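User: Hi! I am new to reading protein models. Could you go through this one with me, question by question?

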Amino acid sequence: MKPGAAKTRFLKRLEAAQLSLEALTPAAGVEAMLSYYADERADGCDLDEDGDMLLFQWGTYDWGDGPSFEVNLTRQLMVTDDGAEPRQLGLTFRFTPDHAPSRLKDGNKWCESPGGLAAFRRFITGSKAIQAVGHLTPAVVELQFGRT
């Protein structure tokens, strides 16, 4: 896959699986993103140089519209010969604060290569964040793609 086509490719995969971005739960969205990472390598992104990684992050944030609890899975693509900032495909699920797991601190975890994907999947599915909201309908589902 060409790195610039990451968002389009992900949306096509959702469509092929008869999923829509707007109707995704975090559990289904995370699994779709993990499968995408497992199945498709990005051209020119050297795995040995952290060129294609995943970041799972969660927490309660206020981006100006009041606090919300969110979980996010981002695929970071860095083209070795590009010299530009990495591209990121981020899938974010936002919830009203009442869905925030009590006493859960903000956090994140990286998956640096496909070799670590099985352990990364276990970490996410066992996380308190996904256990709390994984099957709930989020207030907002957002898919962003761009340079960091």
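Here are some questions and answers on the helices, strands, loops and pocket of this structure.

User: Before we start, what kind of model is this, and how are its residues numbered?

Analyst: This is a predicted model: local features need pLDDT of at least 70, side-chain atom pairs count only at pLDDT 80 or more, and totals for chains, interfaces and linings use all residues. Side-chain values use heavy atoms, with hydrogens and water left out, and residues are numbered along each chain as its sequence is written, from 1.

User: Which residues of helix α1 are buried?

Analyst: Let's get the words straight: buried means under 20% relative accessible area, exposed means over 50%, and partly exposed lies in between (1.4 Å probe, protein chains only). Helices (H or I, at least four residues) and strands (E, at least two) are DSSP runs, numbered from the N terminus. In α1, which spans residues 6-16, the buried ones are Ala6, Phe10 and Leu14.

User: Why do the buried residues of α1 line one face?

Analyst: An α-helix has 3.6 residues a turn, so residues three or four places apart point the same way. The arc is taken from the directions that run from the helix axis to the C-beta atoms. Seen down the axis of α1, the buried residues line one face because they fall within an arc of 75°.

User: What do the buried residues of α1 pack against, and which exposed residues sit on the face turned away?

Analyst: Contact means heavy atoms within 4.5 Å. The buried residues of α1 pack against α2 (26-39), β2 (67-77), β3 (87-95) and β5 (140-147). The face turned away from the buried side carries Lys12, Glu15 and Ala16.

User: Is Gln18 buried or exposed?

Analyst: Gln18 is found in the loop between α1 and α2. Its phi is positive, about 60°, although Gln18 is not a glycine. Most residues other than glycine have a negative phi. With a relative accessibility of 74%, Gln18 counts as exposed.

User: Thr25 is in the loop between α1 and α2; which residues does Thr25 touch?

Analyst: Thr25 has a relative accessible area of 18%, so it is buried. Leaving out residues up to four places away in sequence, Thr25 touches Phe93, Gly134, His135 and Leu136.

User: How many bridges join β1 to β2?

Analyst: Two strands pair if DSSP finds at least two bridges between them. Ten of the eleven residues of β2 are buried, so β2 is largely enclosed by the rest of the structure. On its other pairing, β2 runs antiparallel to β3 over nine bridges. With β1, which is also antiparallel to β2, the number of bridges is eleven.

User: Which residue takes a positive phi in the hairpin of β1 and β2?

Analyst: The hairpin has four residues between its strands. Among the bridges, Asp62 has Pro67 in β2 as its partner. The residue with a positive phi, near 115°, is Gly64.

User: Which residues of helix α3 are buried?

Analyst: Helix α3 covers residues 117-126. What covers its buried residues includes α2, β1, β2, β4 (107-111) and α4 (128-133). The buried residues are Leu117, Phe120 and Ile124.

User: What volume does the largest pocket have?

Analyst: On a 1 Å grid over the protein atoms alone, a pocket is an open set of points with protein on both sides within 12 Å along at least five of seven lines, and lining residues have an atom within 4 Å of a point. The lining has 14 residues, with Gln57, Asn72, Thr74, Thr92 and Gln144 nearest the centre. Grid points are joined across faces, edges and corners, and a volume is the space filled by probe spheres set on the points. For the largest pocket, this gives about 250 Å³.

Technical notes:
1 Å grid on protein atoms, 1.4 Å probe; cavity = no way out; pocket = protein on both sides within 12 Å on 5 of 7 lines; lining within 4 Å.
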